[in-house]
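Student: Hey, I've just opened this one and don't know where to look. Can we start with the aromatic rings?

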Amino acid sequence: MWRATLGAIGLVLIAWPAFAQDRSVAVLRALDKLTARVTTISAPVGREVRFGTLRILVRTCKKRPPEEPPETSVFLEILDLRPRGAPQRVFTGWMFASSPALAAMEHPTYDVWPIDCIAPSPSQPSGNE
């Protein structure tokens, strides 16, 4: 009985599509709408990075394998740390590189969207580039 069950599980695993791979660094693009400055940010998963008054925390970063249709998915928590007043949550949720408008951050000064998920290289600096 166990062999039949394990055989069925093996067939399901072979037929199951490849899952997105977790990566430890999210590559984000950020726009300051006032200065028109575009910045590429390398944000390690689980570590806060700053852009202007934003505090960006990447919770997870997933990228499909090369044999699948391309997609990068990033779960972000973004707070606006204004000098006066309490921090304000401006975005929490998934963003997708292929459809940045699907789950866009609403902010009058800044835009943030994902570009890629990568594994860190030994010489790669963390934080803003």
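Student: So how many aromatic pairs does the count come to?
Tutor: The count comes to 2 aromatic pairs. Rings of Phe, Tyr and Trp (its six-membered ring) pair if their centres lie within 6.5 Å, and planes under 30 degrees apart are stacked, over 60 edge-to-face, the rest tilted. One pair is phenylalanine 51 with tyrosine 110, edge-to-face at 5.3 Å centre to centre and 70° between the planes. That pair links distant parts of the chain, with phenylalanine 51 in strand 4 and tyrosine 110 in strand 8, 59 residues apart. Strands (E, at least two residues) and helices (H or I, at least four) are DSSP runs, numbered from the N terminus.

Student: Are phenylalanine 51 and tyrosine 110 buried or exposed?
Tutor: Both phenylalanine 51 and tyrosine 110 are buried. Buried means under 20% relative accessible area, exposed over 50%, and partly exposed in between (1.4 Å probe, protein chains only).

Student: And what about phenylalanine 75 and tryptophan 94?
Tutor: Phenylalanine 75 and tryptophan 94 are edge-to-face too, 5.4 Å centre to centre with 75° between the planes. Phenylalanine 75 is in strand 6 and tryptophan 94 in strand 7, so this pair ties together parts 19 residues apart in sequence. Phenylalanine 75 is partly exposed, at 21% relative accessible area, and tryptophan 94 is partly exposed at 33%.

Student: Is this an experimental model or a predicted one?
Tutor: It's a predicted model: local features need pLDDT of at least 70, side-chain atom pairs count only at pLDDT 80 or more, and totals for chains, interfaces and linings use all residues. Residues are numbered from 1 along each chain as its sequence is written, and side-chain values use heavy atoms, leaving out hydrogens and water.

Student: New topic: which cysteines form a disulfide?
Tutor: Cysteine 61 and cysteine 117 do, with their sulfur atoms 1.7 Å apart; the cut-off is a pair of cysteine sulfur atoms within 2.5 Å. Cysteine 61 lies in strand 5 and cysteine 117 in strand 8, so the pair ties together parts 56 residues apart in sequence. Both of these cysteines are buried.

Student: Which residues touch the most other members of the largest nonpolar core?
Tutor: Leu28, Ile56, Leu76, Ile78 and Met105, out of 22 residues in that core. A nonpolar core is a set of buried Ala, Val, Leu, Ile, Met, Phe, Trp, Tyr and Cys residues joined through side-chain atoms within 4.5 Å. Strand 5 gives the largest share, 4 residues.

Student: How many helices and strands are there overall?
Tutor: The chain has 1 helix and 9 strands.
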